[in-house]
Amino acid sequence: MQASFLPFSNDITSTLINIIWLVIFFSIILLFNQRIQIWNYQRNAERATLKLQMLAEKSKEEAMINIQKFAIEGTDVKSKVTSFLDFFAIEPVDKDPFGVLMRLEHILNIRRDRIKAFVSEVASKAGKIEAANIEDVLEAAIALNFIFKVVRHYLLLGKKTKSLMIFVQLDMQLPLILKIADAYYKAQKTFSSGKPIGDGFGPLVASKLMFGLPKRTIAEDIVCSELNIENRKVYVLKAEGPGGLVGKPGEAIKNLVEELGGKVARIFMIDAASKLEGETTGEIVEGVGAAIGDPGPEKYKIEEIATKYKIPLDAIVCKMDLEEALTTMKKEIFDAANNLVEKLKKIIIERTKEGDVVIIAGIGNTIGIAQ
């Protein structure tokens, strides 16, 4: 009798133990599930913050190295750069939209002048080209410093409040944030070396057209040349290189059109454009409108003057991603510029007639690209 009872006793004990383990397991899941998720998201955010901190510190060192070469002996470059990295600009109020672009342009002008003044103060031995490149290096360092501080803020806020939602939102955006930070860091290296970047596609096309021709300044940091294409008078403009400048192309086009009394047959704008995943770097795409990536004022001037005189606006862009736009120009983009020069001449002949006046604007940062 005892021999037949023992196996049944063991099955009961085993089942009870399994039930107890299941109860403990589900209790832990139910009670600590949110804390486990927070811990996981927090760990990802901490790793990303450490990487962003490293990039921010390296970019600050790179900025100091660039400035130190042109600083007067005894200048405390480290403390000046460290304090300037927190420099900011406040956007104008837009609740009353009337005149908001003029106010925005005013703020942007003040910001640009303040950065120029700072570079002139700490790197007083730098010439115009070197100073423009240092401004770009500083801009990259300011951007990386800002990204690091914002991510750190949300990490610390999440830890303080133990909010799962803060960590979830931060975690969802971290891949894109890290990609942007990497692009800025690599861009700073390119700015330091003074090499052309992908965003210089427009200025490169313009440079090839105006090479060897007389130039004149038509707006702040913008130069213009005249050439003849099959009896069409063509005005080509770009930012004055080879320093890292973008100038005021909107102001330049507006001045030129007014100077010509509005008698312009077409305006062609050449620029770099963000590509979608799956698109090919260096692909040339055509459209209409003002192809320019400024915050608003320059684009508005172009649209306004084109509308005033009913001038068709042709946009021709070269596809690339953010990193390709900010780092050393790839061969695909360089080749695309060469191909577009010949293609552009054919387009002008097709869309205009003899005696017409045409404007070609090469938009973008002209670092490493002269004229």
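In this predicted model, Asn231 has a relative accessibility of 45% and therefore counts as partly exposed, since the exposed class begins over 50%. The residue lies in the loop between β2 and β3. Its phi is positive, about 65 degrees, although Asn231 is not a glycine. Lys310 also has a positive phi without being a glycine, here about 55 degrees. Lys310 sits in the loop between α8 (297–308) and β6. At 71% relative accessibility, Lys310 counts as exposed. Most residues other than glycine have a negative phi, and most peptide bonds are trans. A cis peptide bond is found between Gly241 and Pro242, with omega at about 10 degrees. Pro242 belongs to the loop between β3 and α7.

The loops above connect to an open sheet of seven strands. The strand order is β1-β2-β3-β7-β4-β6-β5, and the pairing is mixed. β1 (216–219) and β5 (284–288) are the edge strands. Each has a single partner strand, so one side of each lacks a neighbour in the sheet. From one strand to the next, the twist averages 30 degrees. Strands of a sheet pair through backbone hydrogen bonds, either parallel or antiparallel. β3 (residues 232–239) and β7 (residues 357–362) run parallel and are joined by six bridges. Within β7, Val357 stands opposite Lys233.

Two helices lie across this sheet. Helix α6 (residues 201–210) lies across β2 (222–229), β3, β4 (266–274), β5, β6 (313–320) and β7. Its direction makes an angle of about 135 degrees with β3. Helix α7 (residues 249–259) lies across β1, β2, β3, β4 and β7. α7 runs at about 105 degrees to β1.

The burial pattern of α7 can be described residue by residue. Pro249, Gly250, Ala252, Ile253, Leu256 and Val257 are buried in α7. These residues span an arc of only 160 degrees around the axis, which puts them on the same side of α7. The elements covering the buried residues of α7 include β1, β2, β3, β4, α8 and β7. Gly261 follows α7 and has a positive phi, near 65 degrees.

A further helix pair is formed by α2 and α3. Two packed helices are described by the angle between their axes and the distance between the axes. The axes of α2 (residues 77–84) and α3 (residues 100–122) come within 11 Å. They cross at roughly 170 degrees. Angles over 145 degrees count as roughly antiparallel, so α2 and α3 are roughly antiparallel to each other. At the contact, α2 contributes Lys80, Val81 and Phe84. These meet Arg114, Ile115, Phe118, Glu121 and Val122 in α3. By class, the contact holds five nonpolar, no polar and three charged residues.

Burial in α2 is one-sided. Val77, Val81 and Phe84 are buried. Seen down the axis of α2, the buried residues fall within an arc of 65 degrees, so they line one face of the helix. Lys78 and Ser83 are exposed on the other side of α2. Val81 and Phe84 are thus named twice: they are among the buried residues of α2, and they meet residues of α3.

Conventions:
Residues numbered from 1 in each chain as written. Predicted model: local features only at pLDDT ≥ 70, side-chain atom pairs only at ≥ 80, totals over all residues. Heavy atoms only, no water. Pairing = 2+ DSSP bridges. Helix = DSSP H or I, 4+ residues; strand = E, 2+ residues; numbered from the N terminus. Axes fitted to C-alpha atoms, helices over the stretch in contact; angles between N-to-C directions. Contact = heavy atoms within 4.5 Å. Buried < 20%, exposed > 50% of the residue type's maximum accessible area, 1.4 Å probe, protein only. Arc of directions from axis to C-beta. Parallel < 35°, antiparallel > 145°, perpendicular 65-115°, else oblique. Nonpolar A, V, L, I, M, F, W, Y, C, P; charged D, E, K, R; others polar.
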